Amino acid sequence: METTGIVRRQTAERMRDALERLVTERDVWMSTAHPDHGPHQVPLWFLWDGRAVWMCTSATSVTARNVRKEPRVRLSLPDTFDVVLLQGEAECFPDQEVPGGAAEAFAEKFGWDPRVEEGSFLYVRVVPRTVRAWRGEPELRGRVIMRDGIWLE
């Protein structure tokens, strides 16, 4: 692994960078697992509301089936050099029961409102319990920037 030019960031800088990416990025990889069928990973659009990640998927998708059975999930932003991993438990909201503020913010960010689509959708909310962030090998030590739902500073 090449590490030339990587300057090790302190926890506060990693946290600031991770939060900025959560606000500005569009896609997140969501990893779920089903007790009988095993792991499943899918990219989804997401919204960061300052406390939680909101995603939306078909109510009949494998992702929806998995989070209903096993709510523990892992999310990752799609950059393999500037890694941000989040772990938490998924909370599900049918499209007609999702809190209005979250649904409106999601629709505004993406120009798409699943509540008016044909078919059923499921909003999935994940409040992270653990967040890890690192850029290359020099940052592997100290990569945990949130533990037990509390940002480390």
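Select Cys56 first: this residue is buried, at a relative accessible area of 8%, where buried stands for under 20% relative accessible area, exposed for over 50% and partly exposed for what lies in between, with a 1.4 Å probe and protein chains only. The model is a predicted one, in which local features need pLDDT of at least 70 and side-chain atom pairs count only at pLDDT 80 or more, while totals for chains, interfaces and linings use all residues. Residues are numbered from 1 along each chain as its sequence is written, and side-chain values use heavy atoms, with hydrogens and water left out.

Add Cys92 to the selection, which at 27% relative accessibility is partly exposed. With a disulfide taken as a pair of cysteine sulfur atoms within 2.5 Å, the count is zero; for Cys56 the nearest cysteine sulfur is that of Cys92, 11 Å away.

Next, turn to the largest nonpolar core (buried Ala, Val, Leu, Ile, Met, Phe, Trp, Tyr and Cys residues joined through side-chain atoms within 4.5 Å), which has 25 residues, with Met30, Phe46, Met55 and Leu75 making the most contacts inside it. Strand E6, residues 121-135, gives the most to this core, namely five residues; strands are DSSP runs of at least two residues (E), helices runs of at least four (H or I), numbered from the N terminus.

Centre on Met55, whose contacts (heavy atoms within 4.5 Å), leaving aside neighbours within four places in sequence, include Val28, Trp45, Phe106 and Val126. Finally, select Cys56 again together with Phe106, Phe121 and Tyr123, which are among the twelve residues of a second, separate core.
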